[in-house]
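Here are a few notes to go with your first look at this one. Have the model open beside you as you read.

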Amino acid sequence: MVMTEEIHHTPDMLNRSYSSPEIENQRRLTMAQLAVQAGEDVLDIGCGSGFLTLELARAVGESGSVDALDISPEMVDAALERCRGMPQVSVSPGDVTELQKPPGSYDAVTCTQVLLYVADVENALARMVRTLRPGGRLAVLETDWRGVVMNSGYPELTDAVFRAWDDAVPSPNLPVRLHRLMRVAGLEDIRVTAIPLLNTEYDPGLFSVSTLDWMGSNAVRRGAVSREESRKWQDDLESLGREGDYLFCVNRFLFIGRRP
């Protein structure tokens, strides 16, 4: 899995983003679609600071288990803290491209916003599917970053910022390929749910504001825009918010398939 300093996220950044109402709704939909039951064993790959891990732990109860993995030691510590007092949860460092869990270990596996960082998605999916028991479910959630709809007074800077994001990850447009890749990995009954993340207000507590702030900084680090251009772009978005003209929407896609 690729996670360079340029695309490093801190627990504080994820906490702000994943506390937003849009991502809370995303977790509710994921839990409803995955239908985790008490007593099941679940693997949460790319657990971040542990928001979904905690929901999974509550669903499986103490008769089940949740193994959570993240490539970042900071995220492992944050997830451990969030799930403190949940004996059914274990959190450890782990990379999906090197996943070595025994075959048939889990009733369900979740993988949220991880595979865009992976060059060999086929290998990662095969490793996850191998860990599932017959009838087990794999849930993969990814974002179509090339489908962003947003208002901006500087469309050329918006294009540059999003091109820089494309350049920062191996698989920026993954949702369009995931259905086929999951079939190739041996999954059946694949269901796809679109989850729009829509903001019409410029509020730091919403998903888009913190995300666009980070993306502007990423574009500066990669030399796609200057610091002054990034600031001009951000100031324009804030101005649109004051005028009631702010709009941002991107679709996330939840893919759930079953191992025969």
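1. First, confidence. This is a predicted model, and its protein chain averages a pLDDT of 93. Of the residues, 95% score at least 70.

2. Now the weak spot. Over residues 1-7 the pLDDT drops below 50. That stretch still has 22 contacts in the model beyond near neighbours in sequence. Where pLDDT is low, though, the predicted coordinates should not be read in detail, so I'd leave those contacts alone.

3. Next, have a look at helix α3, which covers residues 51-60. How enclosed is this helix by the rest of the structure? Largely, because 7 of its 10 residues are buried. The buried ones are Phe 51, Leu 52, Thr 53, Leu 54, Leu 56, Ala 57 and Val 60.

4. Just past that helix, check the backbone. α3 is followed by Gly 61, and the phi of Gly 61 is positive, near 70 degrees.

5. On to the cysteines. How many disulfides does a search of the whole structure find? The count is 0. For Cys 47, the nearest cysteine sulfur belongs to Cys 83 and sits 7.8 Å away. Cys 83, likewise in no disulfide, has the sulfur of Cys 47 as its nearest, at 7.8 Å. A disulfide needs the two sulfur atoms within 2.5 Å, so this pair does not count as one.

6. Are those two cysteines buried or exposed? Cys 47 is buried, with a relative accessible area of 7%. Cys 83 is buried as well, at 5%.

Technical notes. Residues are numbered from 1 along each chain as its sequence is written. This is a predicted model: local features need pLDDT of at least 70, side-chain atom pairs count only at pLDDT 80 or more; totals for chains, interfaces and linings use all residues. Side-chain values use heavy atoms; hydrogens and water are left out. Buried means under 20% relative accessible area, exposed over 50%, partly exposed in between (1.4 Å probe, protein chains only). Helices (H or I, at least four residues) and strands (E, at least two) are DSSP runs, numbered from the N terminus. pLDDT is the predictor's confidence in each residue, from 0 to 100. Contact means heavy atoms within 4.5 Å.
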